[in-house]
Amino acid sequence: MSRVQLALNVDDLEAAVGFYSTLFGAQPAKRKPGYANFAIDEPPLKLVLIENLGQGGSVNHLGVEVDSSEKVHAEIARLSDAGLFTEEQIATTCCFATQDKVWVTGPNQERWEVYTVLADTEHFGAAPVFAEMTDGAAVQACCGTDAPTDTESARESEPGVACCTPAAAQ
């Protein structure tokens, strides 16, 4: 099953989880420091909440969750054949999961990913740049708008670094 993903920046994760739990009649499928996601069946939606103080109520990124790596690779081929620049991240760790994904950027700089989750992980990202950070700090550094300089340079220099914001969109 495919579902649209909406990743929102929120100022207060607890308040946002409470609101969306009520709105969709569901509890988060995954809850970590600074991060929560809901896998809603009806309507088919993957709602991601990213604590990002001062950015609450804005879209972090958009996506489509698919059920296999084959579908991700098919999208890579289709989007590339259509002339779109793609950024591929295969077997990367992001958002407490190992994923295969491809990023594209829309005409107004909106960021879209097509991805599949290969396995859940206990940490936000596997890159060494996150080793000294708490998971909450890693979420903010990767998905926030004011990422530390060392994280930005790590994104550019370490191919294994994956974030909610692809390096190409920075």
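Does Tyr-20 count as buried or exposed, and at what relative accessibility? That residue is a good way into this predicted model, so here are some notes, starting there.

1. Tyr-20 has a relative accessibility of 18%, so this residue counts as buried; the cut-off for that class is under 20%. Two other aromatic residues are worth viewing alongside it, and they come out otherwise: Phe-19, at 47%, is partly exposed, and Phe-24, at 23%, is partly exposed as well.

2. Now for the rings themselves. There are two aromatic pairs by the rule used here. Phe-19 and Tyr-20 meet edge-to-face, with 4.9 Å from centre to centre and 85° between the planes. The rings of Tyr-20 and Phe-24 are 6.4 Å apart at their centres, and their planes make an angle of 15°, so this pair is stacked. For reference, planes under 30 degrees apart count as stacked, and the outer limit for a pair is 6.5 Å between centres.

3. The helix helps to place that stacked pair. Both Tyr-20 and Phe-24 belong to helix H1, which covers residues 13-24, and they sit four residues apart, or about one turn of the helix. Together with Phe-19, they make up one aromatic cluster.

4. Tyr-20 also takes part in the largest nonpolar core, a set of twelve residues. Among them are Leu-8, Val-10, Leu-13, Ala-16 and Val-17, as well as Phe-38, Ile-40 and Leu-47. Strand E1 (3-10), H1, E3 and E4 each give two or more residues to this core, and H1 has the largest share, with four residues.

5. Leu-8 deserves a look of its own within that core. Leaving aside residues up to four places away in sequence, Leu-8 touches Tyr-20, Leu-47, Val-48, Leu-49, Ile-50, Ser-58, Val-59 and Asn-60.

6. Finally, please turn to the largest pocket, whose volume is about 200 Å³. Its lining has 18 residues, and those nearest the centre are Lys-30, Tyr-35, Asn-37, Lys-46 and Val-117. Two or more lining residues come from each of strands E3 (35-40), E4 (45-51), E5 (59-65), E7 (97-105) and E8 (111-120). E8 gives the most, with four residues.

7. The make-up of that lining is mixed: eight residues are nonpolar, four are polar and six are charged. When you view the pocket and the core together, note that E3 and E4 appear in both lists, as contributors to the pocket lining and to the nonpolar core.

Methods: Residues are numbered from 1 along each chain as its sequence is written. This is a predicted model: local features need pLDDT of at least 70, side-chain atom pairs count only at pLDDT 80 or more; totals for chains, interfaces and linings use all residues. Side-chain values use heavy atoms; hydrogens and water are left out. On a 1 Å grid over the protein atoms alone, a cavity is a set of points where a 1.4 Å probe fits but cannot get out, and a pocket is an open set with protein on both sides within 12 Å along at least five of seven lines; lining residues have an atom within 4 Å of a point. Grid points are joined across faces, edges and corners, and a volume is the space filled by probe spheres set on the points. Ala, Val, Leu, Ile, Met, Phe, Trp, Tyr, Cys and Pro count as nonpolar, Asp, Glu, Lys and Arg as charged, and the others, Gly among them, as polar. Rings of Phe, Tyr and Trp (its six-membered ring) pair if their centres lie within 6.5 Å; planes under 30 degrees apart count as stacked, over 60 as edge-to-face and the rest as tilted. Buried means under 20% relative accessible area, exposed over 50%, partly exposed in between (1.4 Å probe, protein chains only). A nonpolar core is a set of buried Ala, Val, Leu, Ile, Met, Phe, Trp, Tyr and Cys residues joined through side-chain atoms within 4.5 Å. Contact means heavy atoms within 4.5 Å.
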